[in-house]
Every structure is written in structure tokens, then in C-alpha cells.
Amino acid sequence: MTTESANLHDPAAFAVWAQAERERRRDDPHRPRYHFLPPANWMNDPNGVIQFGGGYHLFYQYNPFGPLWGAIHWGHAVSTDLVHWIDLPPALAPTPDSPDEAGCWSGCAVERDGALALLYTGVRGDGAREQLICLATSRDGRTFEKYAGNPVIPARPAGLDLVQYRDPTAWREGDGWYLTVGSGISRVGGTALLYRSDDLIHWEYLHPLCTGDLTQKEPIWTGTMWECPDFFPLDGKYVLAPSVWDGHPVYTAYMVGAYAGHRFTPEKMGILDPGRWYAPQSFEDDQGRRIIWGWLREGRGAAAQVAAGWSGVMALPRVLFLHPDGDLGQRPAPEVGLLRGEHQRLVDVAVTPDTRDLLPNLRGAQLELELDFDLGDAAACGLVVRRAPDGAEQTRIIYDRMARRLRVDR
């Protein structure tokens, strides 16, 4: 059954299709087993991550018709433990002759009066593609109704020469709802534009929450435009995590600082993950944890993605915290431990450059390795995994003592 023949809006038919597609790809050696990804086809940004109605909801940018970007919907999955997921039909699909006719792009989810509200980027038209902020709501967390008066933010703020405009993130403060939209000010730098509302429908533009500087290179470069600007309180401070865009994804930055007068002032900044991790979104769960998801962008070419029938992976969920020095820290959510199976332990093992088959009885494509090295006088240490018998293909994981850097050579 193809996605064209599966009813995307019928839960029973979609479940049958999803299970069949997952079984079909079970033996794909490149397909992750414990990271989330759709049954088939294209996935990019996490959207609308939230705990609602007794479960964790993960929405994501999704093309149900193929493994390349296009026809963007909001995919949807739900879990009770962050690691075992149930596939649900897409929550949002483009509606012809509407503000989202060309795609339902990234956005967020909030709970309002016992209902789930999705604020997302509606895209209208071809060519320049007008990007508008739209609203959809749900009582059951499964079926969604678009607001009849969409878009709720019909135009960019006047008087600003903006580079792009998309990806709303909303939150509740004492006197109302606030929302940022990712953008950039031409010849100035990336920015997160700030709005306020009483009802999630009528929005007033206030000012930029924060703006980067194109000329600033240290400690990081913050780019020409910010996508998916995530903004939240954490351990007595506030964090802004914009994804830096310069005509293409660069990386996701983080800024830790102060929020006063509805303006954010960075005090520390860095890169959240220097790999192919991008467009993250976070939420606070009922344990008070700030959990963040990120999209792992493809390293394979388009031909390989088409041949495999899928593209894109969600990184494992991470819990954010602040270090004693005020810098941002992150660790895998402890629920990932639910996926552990058989355990093997070795102690006091001497390793040299010629060591082979350190764990001769351990084989598998999905393993968790927890290693403690005593380097002695060595300049580097590490291991090789996923090695072909002749060594023609292998993945090297090396810690470089002088550079103080862990390198993964794929």
C-alpha cells in the first residue's frame, strides 16, 4: 500500500499502512531503531512538542508522498514514555485555496482551556511563497480544526526590511500570550519578532525580542536569519535557541541571559550541537523538565534517500539544564534507558593501537557503549565500530587530547 492509496485521515487505514511500511524497512541497515522517524518518506523539523491528554505529542514536518522535501504536512505521533511511539494520521494538511495551500510549515503547540492549539506557518502561493501565521485547535489531541479566520497574523510588521518570516513559538505569561516569529533584518542579522495576544487569535506586534549582529563572529556567528526560535525559562534564567540560517541551515545557537521588559539580553552563547542537529523545539513536562527535540539532517544524497524510501531522523530527547557557571547543558532523557537489553561489562582492559575485537562476543547495529578511558600518556584514544571485515568501511570515534574534542568519522 502506498501513501497515495492509504487514507491519511482515517486512523485505522493509516495504522495499517504505517505498520506495513515499518515492517518493510526493518532490515534497512541505515535505518535507526530507537530514534523516532516516520514509517516512510520525508521528515524535518520537530513541531508542537507537548505533553497533553496523558501523553507526549510529537508533531513534525512531513511529506507523506515521498522521501524528499515537498507537500509539507504536520506528521503526528504519541507516546507515554518518550521512546515508544504510536503513529497517528497527519494533524495538518495543506488546504487548497487557503492561507496554507502551499504547505503547513513549522510552529508550536500550547494548551488553552483544556484544548490543544497549534500555531503554524501557512504558506500561500508559488514563487516568493507568502508565509503567514495560522491557528488550528483540537479537544481530543487527534483531530484538528483550522481557524476559519486564518491567518491570525496576516502580514509582516511594517517598517522592517525583513529576510524571511516563519516558525512561531508561543508561551503564556501573566498578562496574556506571547509569540516569537523567526526572521532576519536585512543587513543587520537574525531576529526573533515578539507579539502579544489575549486569545491566540488577535495579535499585536511589539518589537524584536532579540536581534543578532551579522558582523559579530565571536563567540559564534548568528547568521542572516533565525529559524524556529525557541524561547523558555530555565533554572532562573532564560534561553533563546534560534536555528541559524544563511540561505541554508548552519547550526542551532543558544543564548542564556535575562528577560525584562519583554526584551531578551544574552549573557552567554554557543552552539547547541555542532553536528547535523537542527531546528529544535522544547517543552516543559509534568516533572518540570525542559525536554528538547531536534532534527538530524540527512548526509545521504537525494538518490540514496529515494532508493531507501525515507529521509530524516529525530534525535533522542534531551533534558536541558544550566551548569554552575550559567552555561547550557544537556543530557539524554533517562527514558532512553528503557531501550536497554543485555548488559556486558569489562574492567581494567589495556588498549593499544593494535587492539582488535575488544568485545568479541558483542555484535549488533544498535548498541549503547559507556566507556571510561585512562589516557596515560596517549595523545588520543577511541574505538572503531561498524567495521567491515576488510576494514573498507568503519566508523571511528576518537577523543583528541590536545584539541579536547570528540570526533566521529563516518
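User: Let's start with a cysteine. Is Cys108 buried or exposed, going by its relative accessibility?

Analyst: One thing up front: this is a predicted model. The general idea is to compare relative accessible area with a cut-off, and buried means under 20%. Cys108 comes out at 4% relative accessibility, so Cys108 counts as buried. Cys381 gets the same kind of reading: its relative accessible area is 15%, so Cys381 is buried too.

User: Okay, and how many disulfides does the structure hold?

Analyst: A disulfide is a covalent bond between the sulfur atoms of two cysteines. Here the count is 0. Cys108 is in no disulfide, and the nearest cysteine sulfur, belonging to Cys228, sits 11 Å away.

User: Let's go on to cores. Which residues have the most contacts inside the largest nonpolar core?

Analyst: The idea is to link buried nonpolar residues through side-chain atoms within 4.5 Å. The largest such set here has 25 residues, and the ones with the most contacts inside it are Phe36, Leu58, Trp85, Trp293 and Met314. Two or more residues each come from α1 (11-24), β1 (41-52), β2 (55-63), β18 (290-296) and β20 (313-314). The largest share, 4 residues, is from β2.

User: What does Trp293 touch, leaving out residues up to four places away in sequence?

Analyst: Its contacts include Leu58, Trp85 and Met314, along with Pro46, Val49, Leu82 and Trp277. Pro280, Gln281, Phe283, Ala315 and Pro317 are also among the residues Trp293 touches. Apart from that core lies another one, of 19 residues, with Cys108, Ile133, Leu193 and Tyr195 among them.

User: Now a charged residue. What is the nearest side chain of opposite charge to Asp81, and how far away is it?

Analyst: For a salt bridge you check for a nitrogen of Lys or Arg within 4 Å of a carboxyl oxygen. The nearest candidate for Asp81 is Arg289, 9.8 Å away, and Asp81 has no salt bridge even though it is buried. Its side chain does reach the backbone nitrogen of Val83, at 3.0 Å. Asp81 lies in the loop between β3 (73-79) and β4 (85-92). Its contacts, leaving out residues up to four places away in sequence, are Tyr56, Glu335 and Leu338.

User: Which peptide bond is cis on the way into Pro151?

Analyst: Omega is the angle to read. The bond from Asn150 to Pro151 is cis, with omega near 5 degrees, and Pro151 sits in the loop between β8 (145-146) and β9 (162-173). Another cis peptide bond joins Glu218 and Pro219, where omega is about -5 degrees. Pro219 is in the loop between β12 (203-211) and β13 (225-234).

User: What is phi of Asp97?

Analyst: Here you look at the sign as well as the residue type. Phi of Asp97 is near 55 degrees, a positive value in a residue other than glycine. Asp97 falls in the loop between β4 and β5 (103-112), and it is exposed because its relative accessible area is 77%. His262 also has positive phi, near 60 degrees, and lies in the loop between β15 (249-260) and β16 (263-271). With a relative accessible area of 23%, His262 is partly exposed.

User: Last one: where is Gly337?

Analyst: Place it by the elements on either side. Gly337 is in the loop between β22 (328-332) and β23 (380-385). At 25% relative accessibility, Gly337 counts as partly exposed. Its C-alpha atom is separated by 28 Å from that of Ala388, 51 residues apart along the chain.

Terms used: Residues are numbered from 1 along each chain as its sequence is written. This is a predicted model: local features need pLDDT of at least 70, side-chain atom pairs count only at pLDDT 80 or more; totals for chains, interfaces and linings use all residues. Side-chain values use heavy atoms; hydrogens and water are left out. Buried means under 20% relative accessible area, exposed over 50%, partly exposed in between (1.4 Å probe, protein chains only). Lys and Arg count as positive and Asp and Glu as negative; His and the chain ends are not counted. A polar contact is a pair of N or O atoms within 3.5 Å; within protein, one must be able to donate a hydrogen and the other to accept it, and residues adjacent in sequence count only if both atoms are side-chain atoms. Contact means heavy atoms within 4.5 Å. A disulfide is a pair of cysteine sulfur atoms within 2.5 Å.
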